[in-house]
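User: Please take a close look at the sheet in this model and at the helices described with it. I should like one connected account of how these elements are arranged.

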Amino acid sequence: MPKIHSDVAGGVAVLRISNPPVNALGQAVREQLLDLITRAQDDAAVEAIIITGEGKVFIAGADISEFGKPPLPPALPEVLDAIENSAKPVVAAINGLALGGGLEVALAGHARVASASARLGLPEIKLGLIPGAGGTQRLPRLIAPAAAFALMLDGEPVEAARALELGFVDVVAPGDLLETARDKALALARAGAWRRTGDASATLTEQAREAFEERAREALRRQPDAPNVAALVEAVRGVFELPFAEGLALERSRFRTLVDDPRAQALRYSFFAERKAGQVPGIGRETPRREIARAAVIGAGTMGGGIAMCFANAGIPVTVVEVAEDALRRGIGRVAGLYESSVGRGSLSREEADRRTALIDGAVGYDAVADADIVVEAAFEDMGVKQEIFASLDRIAKPGAILATNTSYLDVNAIAAATQRPQDVIGLHFFSPANVMRLLEIVRPETTAADVVATCGDLGRKLGKVAVTVGVCFGFVGNRMLARRTAATERLLLAGALPHEIDDAITGFGFRMGPLAMGDLAGLDIGWRTRKAQGTRAPVADTLCELGRFGQKSGRGFYRYPENARKGERDPEVEALIAEIAQREGVERRSFSTEEIVARLLYPMVNEGARILAEKIAARPGDIDVIWVNGYNWPAWRGGPMYWADAVGLGAIAGQLTAFADREGDETLRPAPLLAELAEAGLTFRQWAEGA
């Protein structure tokens, strides 16, 4: 069955791609498109050519099923070369989504006409790749190279109106798309001249080069280990330095290298794991959803204010509720200040900031939640406090309202039990700062109704979050695993590793901050309060807090921060104190290699991840990885802890954990049953998931 329908009328050949569901550029589509373009050259009835798509998609990119397989001719660059060098003008009539190779097809044409609803983008960066069929060479020849680079670096599609403003769409059709494209194509044909994108050079000025290089430096600074970012910079730089054909060859070479690069493969894994995380067992499209037209947030602190901003940013009116007027005023003022800062940086227009601010109001007293469709509690992390709040919400909130807690580790089942409507209660664990961090752990108690889970998943996506549904246990997924790293960090400090050695090992692994610098930034007193409430201890961290060393806010923590410095300095006083504590605890100290530090910190996390999977707290290894990449800054190019563990080898990890348990006398370090089982069988977590 043909993948492209072709008809000729009024001198124009219309090639309509029909390869549902997304008109992907599979081998059959490429072959037919090349054949039809070639045949049109010799057809006297054809003056011009239009390429369009059937349905709501123009072309949504390459056929991902072909990734990792031997390439089948013709390659997409060969097809695009035929389009660009056609002796008759080729116009792309972009009827809907044009992504990746789909947009590259359009860029190779001689004009681009888009419907008002079309969205266009080059998302390859999200797959660990760069555009591989001319995108890095053609787009910067049509629009400012810095803007082209930013669009490819971000990977997000833009609306047709924005594409027109930038300059890579020529016309947004005011009415019938094909009629507008037909008029454009015939006008080019009858004028006898049209621009080939590869010949364009007006955008390639010295000033444009400087603007691009500034953005490139910032991108490399932010993501120094991302191979696709480095490749994108090199490819776009080639626009200024190489002839078009050589630039295309450079781009294609870097694209092929990235296909096989383990770091890029990890990024592709992360992309698909993120998509799969939205698939919740027992929840389908047929599951009904509840309407969320108005929200309320309990608590005007840093977390509550950030959550309120998430709703306002998504266009949902929200009421921030406090128990005292002064606390409410401070919280609302803090939110207004954050929006003002965004305006000052130029990341938000004054009009948009005003629109979002107008969606947030404040009130004293729980009565203000009566009309809310969802109430998110962001109060102090204390079970008694939360149960008291939920008992009040139970009396006041309207029937069918979703009651959500932002707890980061408490038992959501116990919180739900404080109400007469446990089916409406769920955990929505936002990460701080809530208006910035992408992760949202949706914590599903045993009694929560399916439509509540489904509604919160949709809501998370509307709020711009990566939503992962998990089960109820202490700390859920992310914080439960983090607790293992925290315990391992304390153990390492006592055993002889210095704070900076631990942090350097973790940043060398790819994290942006080490655990001790991160503790200083967050405030060591936070964990101290939690441990006191739980009846646990951390000898080093607790001693620092007893001495008033809370981290950056007190100028002293694991490091010292002279004159409010943001980066800490080694503190001989702390290093001597740790040695004293170790002697008191009877711990013999020694030095550690970087590799040993990484293993002792991260292997226990993997072990806990295996327990989480066996207990079905997480549905799949990829869900754990998505949580750690998006909520805890695990380096995306390493794929996540479970993906990384597979690469290291589960047998090696299990062997090391056994040695750790024997040496430390700590049975929590012994390989979890699932990890031990997979290690013995020579399997990976991914293989286990695929066979489960």
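Analyst:
**The four-stranded sheet and its helices**

Four strands form an open sheet in the order S4-S6-S8-S9, and their pairing is mixed. Strand S4 (57-59) and strand S9 (158-159) occupy the edges; each has a single partner strand, so one side of each is left without a neighbour in the sheet. This description rests on a predicted model.

At the S4 edge, the pairing can be followed in detail. S4 and strand S6 (residues 97-99) are joined in the parallel sense over two bridges. Within this pair, isoleucine 59 is found opposite alanine 98 of S6.

Helix H3 (residues 101-108) lies across S4, S6 and strand S8 (119-121). Relative to S4, helix H3 runs at about 75°.

A further arrangement concerns two other helices. Helix H4 (residues 135-142) and helix H9 (residues 227-241) have axes that come within 8 Å and cross at roughly 50°. Angles of 65 to 115 degrees count as roughly perpendicular and those under 35 degrees as roughly parallel; H4 and H9 are therefore oblique to each other. Their crossing is right-handed. On the H4 side, the contact is made by Thr136, Gln137, Pro140 and Arg141. H9 contributes Leu232, Ala235, Val236, Gly238 and Val239. By residue class, the contact of H4 with H9 comprises five nonpolar, three polar and one charged residue.

Key:
Residues are numbered from 1 along each chain as its sequence is written. This is a predicted model: local features need pLDDT of at least 70, side-chain atom pairs count only at pLDDT 80 or more; totals for chains, interfaces and linings use all residues. Side-chain values use heavy atoms; hydrogens and water are left out. Two strands pair if DSSP finds at least two bridges between them. Contact means heavy atoms within 4.5 Å. Axes are lines fitted to C-alpha atoms, for helices over the stretch in contact, and angles run from 0 to 180 degrees between N-to-C directions. Angles under 35 degrees count as roughly parallel, over 145 as roughly antiparallel, 65 to 115 as roughly perpendicular and the rest as oblique. A crossing is left-handed if the near helix is turned anticlockwise from the far one by less than a right angle, and right-handed if clockwise. Ala, Val, Leu, Ile, Met, Phe, Trp, Tyr, Cys and Pro count as nonpolar, Asp, Glu, Lys and Arg as charged, and the others, Gly among them, as polar.
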